[in-house]
Structure formats: structure tokens, C-alpha cells
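Reader: I am new to this structure and would love a close look at one part of it. Could you take me through the ligands and the cysteines, step by step?

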Amino acid sequence: MQSQVTLTIDGSTVRAPKGASVLEAALSYSICIPHLCHLPTLSDVGACRLCIVEHAMNGRSKITTSCTLLVQEGMVIHANSDRVRSLRRNIAELLVAQAPNSRAIQDIAMRCGVKEVRYPFRQDDCILCGRCVRTCKESYRANAIDFVGRGRERRVDYPYGERPESCVMCRACVSLCPMAITPCDGPMKPGEEYLCGKCESVTQTPQYSVGDCIRCDLGKGFDCVRHR
Ligand code: SF4
Ligand code: SF4
Ligand code: FES
């Protein structure tokens with residue numbers, strides 16, 4: 001049997017299998033930690049940084065991504081402290097500035113408490129979360145796409161710019177892309193930098209319940225509303 005460890009997240013005692021991440025442990029207890037690049041079936045890379053938590057140790061604390069932090073016996077995690085929420089809000093705000101017309105990202109940002117965006121819009125069509133690359137590699141073993149380029153030029157593409165034979169046209173990459181899940185054609189345009197709130201009202205379903213993937217289809221257990 002897999003050995004279990006006991007830790008504390010936001011004051012609650014949590015038990016999780018050795019080797020699980022703090023994010024997985026929290027979600028299994030319906031403790032909200034916003035996340036975007038994490039998918040339960042794929043490896044974690046800590047790309048979006050939305051899942052940051054405070055890891056308290058020896059009277060000090062360290063901010064780290066919970067999807068890449070493995071559970072340890074006795075660890076103390078603050079997932080929704082003022083410091084974490086403030087930093088997370090800023091990360092979400094930057095994501096909106098990067099991809100203002102992704103409804104999924106707007107939804108996440110609103111639930112992280114973003115009310116206005118103080119950064120200039122970039123209108124990127126990719127936030128480099130890597131969901132597409134990892135699903136292609138790990139779920140389909142196709143290795144048909146990867147990150148190419150550096151810095152501002154970094155993007156997802158076929159290795160030599162052309163679709164390789166290993167691409168089986170499954171479209172899993174597209175179906176998991178937060179830019180494609182719920183594209184928004186306004187109002188996030190230059191000069192109209194605000195969150196309109198229409199996404200939440202449009203996508204909220206009456207069947208919503210804690211633990212379900214809500215509104216933006218970006219992961220089980222995403223329930224920031226309770227922690228505002
Ligand atoms: S459509 Fe092609 S590139 Fe996309 S996940 Fe499937 S195999 Fe990979
Ligand atoms: S194309 Fe979409 S899924 Fe792939 S890294 Fe960019 S934002 Fe993420
Ligand atoms: S979910 Fe952990 S960094 Fe994106």
C-alpha cells in the first residue's frame with residue numbers, strides 16, 4: 001500500500017500519498033488553489049505560477065508553486081494567505097494582459113480577485129502553459145509539437161515548422177488550450193481594459209457544485225469563489 005503523509009493546508013489536516021503534489025493533496029480535500037497549467041493526467045512544470053502557496057518552515061516561509069511541490073510529513077502550507085492572494089492576483093493580472101481575449105483566463109483572473117488590469121495588453125495567442133505540448137508528448141506519444149524560440153519569440157510549433165507524420169490530428173492540443181477553450185471577442189481591447197464579468201454569468205451552470213470543474217473547464221476543484 002502506498003504510504004501516506006500528513007500535512008496542514010490552510011489549517012486543515014490533510015493526508016496524501018507520498019509522491020503527490022501539494023496541489024493534488026489540496027484539491028482532493030476541495031481546498032482551492034487556482035491552477036491553469038496543471039492537468040491531473042500530465043506531468044507538472046510550474047509554468048503558469050497561479051498555484052503558488054506559502055510553505056512555512058523553521059519560522060520562515062517560501063513562496064513556491066504547489067503543483068511542483070511534493071507533500072512531506074508535517075509540512076505547513078498556506079494556500080490563501082494575504083501574501084499569496086496578492087501575488088496570485090498579480091500573476092493573474094499579467095496573464096490577462098498577455099491574453100486579454102481568453103475567456104478562460106478572464107474567468108480565472110476574476111476568481112483570483114482581479115478587477116482591473118494595470119499592464120499593457122499584448123494580445124499574445126499563447127501563454128506558454130505547455131498543456132498542448134505535454135498532452136501531445138505524454139498522452140499521445142506523438143511529440144509533434146514543442147516550444148521553439150527564446151524570450152519573446154518563444155512559441156509552440158512543429159519542430160521544423162511543418163506538421164510531422166507523428167501528428168495524428170487528434171486535436172487534444174487544441175481542446176486543452178486555454179486560448180481556444182473559450183475565446184472571447186471583446187471587450188478586452190486596447191482602451192477597454194476591464195473585466196466585464198459576462199464570462200462568469202454566461203458559463204456558470206445551475207449544476208455547479210464544489211469539486212466540479214466550473215465555468216472555464218480548466219481543472220477539477222477550481223473553486224476560488226469560496227476564498228474571496
Ligand atoms: S493534433 Fe497532433 S500536435 Fe495536437 S496533440 Fe494530437 S498529435 Fe499532438
Ligand atoms: S498553445 Fe495553448 S495550450 Fe499550448 S502552450 Fe500556448 S496557451 Fe498553452
Ligand atoms: S498549475 Fe502550478 S504553475 Fe500552473
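Author: Happy to! One definition helps at the start: a residue counts as buried when its relative accessible area is under 20%, worked out with protein chains only. Cys 132 has a relative accessibility of 15%, so this residue counts as buried. Cys 32 is buried too, because its relative accessible area is 1%. Please keep in mind that this is a predicted model.

Cys 132 also brings us to ligand 2, since this cysteine belongs to the shell there. Going around ligand 2, you meet Cys 126, Ile 127, Leu 128, Cys 129, Gly 130, Arg 131 and Cys 132, and then Val 156, Cys 177, Pro 178 and Met 179. Two helices, α4 (131–139) and α6 (178–181), each give at least two residues to this shell. By type, the shell around ligand 2 holds 9 nonpolar residues, 1 polar and 1 charged. As for its place in the protein, ligand 2 sits in the largest pocket.

Now turn to ligand 1. The largest pocket is also the space that ligand 1 takes. Its neighbours include Cys 136, Ala 142, Ala 144 and Ile 145. The run from Cys 167 through Val 168, Met 169 and Cys 170 to Arg 171 surrounds ligand 1 as well, along with Cys 173. This shell has 9 nonpolar residues, no polar ones and 1 charged.

With so many cysteines named, you may wonder about disulfides. A disulfide is a covalent bond between the sulfur atoms of two cysteines. Searching the whole structure turns up 0 disulfides.

Notes: Residues numbered from 1 in each chain as written. Chains lettered and ligands numbered in written order. Predicted model: local features only at pLDDT ≥ 70, side-chain atom pairs only at ≥ 80, totals over all residues. Heavy atoms only, no water. Near = heavy atom within 4 Å. 1 Å grid on protein atoms, 1.4 Å probe; cavity = no way out; pocket = protein on both sides within 12 Å on 5 of 7 lines; lining within 4 Å. Sits in = over half its atoms within 2 Å of the grid points. Nonpolar A, V, L, I, M, F, W, Y, C, P; charged D, E, K, R; others polar. Disulfide = S-S within 2.5 Å. Buried < 20%, exposed > 50% of the residue type's maximum accessible area, 1.4 Å probe, protein only. Helix = DSSP H or I, 4+ residues; strand = E, 2+ residues; numbered from the N terminus.
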